[in-house]
Amino acid sequence: VQFNLFAGSILGLGGAEHLAMLPQIQSKGELGCFLLTETQAGVLSGLIVETTADWDAASHEFILHTPSDKASKNWISQGYTAEWGVVIADLRIAGQSHGPHPFLMRLRDAGGALLPGIRIKDMGPKTVANDLDNARVWFDHVRLPPTALLNKYADVVDNEYVQTGPERMRIEVIGQRLLTGRLAIAQAALLHALTLHRRTETHAQHKVCNGLAGETTLAEMPQLRAVLRE
């Protein structure tokens, strides 16, 4: 969550000013979370985003809002304690939707209190892993500066939506961190299995035991030998 979903999203979606914030966040030991999934979305997480970020042309701010309980962010890992969040919301300018976009924002002040307009609670009992921190989050017309928008691919300039990257912002771009996270988990599982196999083989090569033909090593026992050779 910290290095892939949160920091990875900033690295992949943010501009130079956002990247410059990462060392300070790291040095302070502050936690971040990734707020994409909404309560009503279910398996369609990311395809249904009703949290809104309306551009206020008069004040040059975004207004982040949860329009209903079904649009509350849910299953947010590390969200119950994080100081920072990358929030995915529907960017709207003059009433026109430009689809899901990422916003970097503080959730808590230096003392740990939630900032105005933010409500967070534990998401409640789950079928498994109830020891994990999974939060449900609401926003009530929270005002964000224009720099909150991670703007590698899109930005608001002179109250107009502009594309700043080689491709347009879309959920497939935002969701790349979900793919890399799954690849990292799969790679870790494979490395763990490989390490276990190597340690087992080394132990078996040195473990002396009695075979039908006399003393031998465990690795030369037919049953284990066949497994190790696979």
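Mentor: Before we start, a residue is called buried when its relative accessible area is under 20%, and exposed when that area is over 50%. Keep in mind too that this is a predicted model.

Trainee: Got it. Is Ile93 buried or exposed?
Mentor: Ile93 sits in strand β5. Its relative accessibility is 8%, and the cut-off for buried is under 20%. So Ile93 counts as buried.

Trainee: Which residue, 38 places away along the chain, has its C-alpha 5.2 Å from that of Ile93?
Mentor: Leaving out neighbours within four places in sequence, Ile93 has contacts that include His98, Val156 and Tyr161. Another one of those contacts is the partner you want. The C-alpha atom 5.2 Å from that of Ile93 belongs to Trp55.

Trainee: Let's move to Thr52. What is its relative accessible area?
Mentor: Thr52 belongs to strand β2. Beyond four places in sequence, its contacts are Ile63, Leu64, His65, Ala89, Asp90 and Arg92. Thr52 is buried, and its relative accessible area is 7%.

Trainee: Leu64 shows up there. Which strand gives the largest share of the core that Leu64 is in?
Mentor: In soluble globular proteins, nonpolar side chains tend to be buried together. Here the largest nonpolar core has 25 residues, and Leu64, Phe103, Met105 and Phe139 touch the most other members. Strands giving two or more residues to this core include β1, β3, β6 and β8. The largest share, 4 residues, comes from β5.

Trainee: How many residues does the other core, apart from that one, have?
Mentor: Leu64, from the largest core, is in contact with Val87, Ala89, Met105 and Phe139, among others further than four places away in sequence. The other core lies apart and has Leu36, Val86, Ala154 and Met169 among its members. Its size is 20 residues.

Trainee: Zooming out, what is the radius of gyration of the protein?
Mentor: The protein has 6 helices and 13 strands. For 230 residues the globule rule gives 17 Å, and the protein is well over that, so it is more spread out than a compact globule. Along the principal axes, the C-alpha trace spans about 90 × 40 × 35 Å. The radius of gyration is 24 Å.

Trainee: And how much of the exposed area do carbon and sulfur atoms supply?
Mentor: Of the 230 residues, 39% count as buried. The protein exposes about 12900 Å². The carbon and sulfur share of that is 57%.

Notes
Residues are numbered from 1 along each chain as its sequence is written. This is a predicted model: local features need pLDDT of at least 70, side-chain atom pairs count only at pLDDT 80 or more; totals for chains, interfaces and linings use all residues. Side-chain values use heavy atoms; hydrogens and water are left out. The radius of gyration is taken over C-alpha atoms; the globule rule is 2.2 Å times the number of residues to the power 0.38. Buried means under 20% relative accessible area, exposed over 50%, partly exposed in between (1.4 Å probe, protein chains only). Accessible areas come from the Shrake-Rupley method with a 1.4 Å probe; for residues, only the protein chains shown count as cover. A nonpolar core is a set of buried Ala, Val, Leu, Ile, Met, Phe, Trp, Tyr and Cys residues joined through side-chain atoms within 4.5 Å. Contact means heavy atoms within 4.5 Å.
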